[in-house]
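Subject: Structure for you to look at

Hello,

Here is the structure I said I would pass on. Please open it first and then read my notes below.

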Amino acid sequence: MKEIFRLPLIICLLSCSLFGQNIAVDAPKILLKDIGFSLIFSGEFGDNTVYLLSINGQNFKPNKITSKKLFFSKIKISETGTHLVSLSNESGFLDILQSPIN
């Protein structure tokens, strides 16, 4: 009987992930302290939407926005360690990842 109630919940969770926005990140494999790098996010993006890239409290706006890509250029991080990298818009977080910087 419990399985009958779990099935709609599982279907709902699967459908949410199927219809969510898929975002891919093109980033360097190794990031070095105080050396500039670029990030490119691929997905479906709106021209009139404000996007913000945040890396451990430092915020960056995209240099270029197309319907399929967001371009962030000349990003420099002055601290080593593992940093939380997040992409967000007015609706909330779109992508979150962790990246080590040497």
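Of the 102 residues of the chain, 25% count as buried, where buried means under 20% relative accessible area, exposed means over 50%, and partly exposed lies in between (1.4 Å probe, protein chains only). The accessible surface of the chain comes to about 7400 Å², and 58% of that belongs to carbon and sulfur atoms; the areas come from the Shrake-Rupley method with a 1.4 Å probe, and for residues only the protein chains shown count as cover.

This is a predicted model, in which local features need pLDDT of at least 70, side-chain atom pairs count only at pLDDT 80 or more, and totals for chains, interfaces and linings use all residues. Residues are numbered from 1 along each chain as its sequence is written, and side-chain values use heavy atoms, with hydrogens and water left out.

Confidence

The mean pLDDT of the chain is 75, and 72% of its residues reach 70 or more; pLDDT is the predictor's confidence in each residue, from 0 to 100. Over residues 1-20 pLDDT stays under 50, and the model has 0 contacts beyond four places in sequence for them. A contact means heavy atoms within 4.5 Å. Where pLDDT is low, the predicted coordinates should not be read in detail.

Fold

The chain has 1 helix and 8 strands. Both are DSSP runs numbered from the N terminus: helices are H or I with at least four residues, and strands are E with at least two. Along the sequence the pattern is α-β-β-β-β-β-β-β-β. Among contacts with a separation of 6 or more, 47% are between residues 24 or more positions apart.

An open sheet is formed by 4 strands in the order S1-S2-S6-S5, with antiparallel pairing. Its edge strands are S1 (24-26) and S5 (64-65), each of which pairs on one side only. Two strands pair if DSSP finds at least two bridges between them. Strand S2 (residues 37-42) and strand S6 (residues 69-75) run antiparallel and are joined by 5 bridges. In one of these, Phe37 has Ile75 of S6 as its bridge partner.

Aromatic rings

How many aromatic pairs are there? The count is 2. The rule is that rings of Phe, Tyr and Trp (its six-membered ring) pair if their centres lie within 6.5 Å; planes under 30 degrees apart are stacked, over 60 edge-to-face, and the rest tilted.

One pair is Phe41 with Phe72: the ring centres are 5.8 Å apart and the planes are at 85 degrees, so this pair is edge-to-face. Phe41 belongs to strand S2 and Phe72 to strand S6, so the pair ties together parts that are 31 residues apart in sequence. Phe41 is buried at a relative accessible area of 1%, and Phe72 is buried with a value of 1%.

Phe45 and Tyr51 also pair, with ring centres 5.4 Å apart and planes at 90 degrees, so they too are edge-to-face. Phe45 is buried at 6% relative accessible area, and Tyr51 is buried at 5%.

There is also a charge over a ring, which requires NZ of Lys or CZ of Arg within 6 Å of the ring centre and within 35 degrees of the ring normal. The charged end of Lys64 sits over the ring of Phe71, 5.5 Å from its centre.

The loop between S1 and S2

Ala27 is in this loop, and so is Pro28. Ala27 is partly exposed at 37%, and Pro28 is partly exposed at 34%. Leaving aside neighbours within four places in sequence, Ala27 is in contact with Ser38 and Leu39, while Pro28 touches Phe37, Ser38 and Leu39. The C-alpha atoms of Ala27 and Ile40, 13 residues apart along the chain, are separated by 6.7 Å. For Pro28 and Ser38, 10 residues apart along the chain, the C-alpha separation is 7.7 Å.

Strand S7

Strand S7 (residues 81-89) contains Asn89, and Ser88 lies in S7 as well. Is Ser88 buried or exposed? Ser88 is buried, with a relative accessible area of 17%. Asn89 also counts as buried, at 17%. Not counting residues up to four places away in sequence, Ser88 touches Val50, Tyr51, Leu52, Phe93 and Leu94. On the same terms, Asn89 touches Thr49, Val50, Tyr51 and Leu94.

Regards
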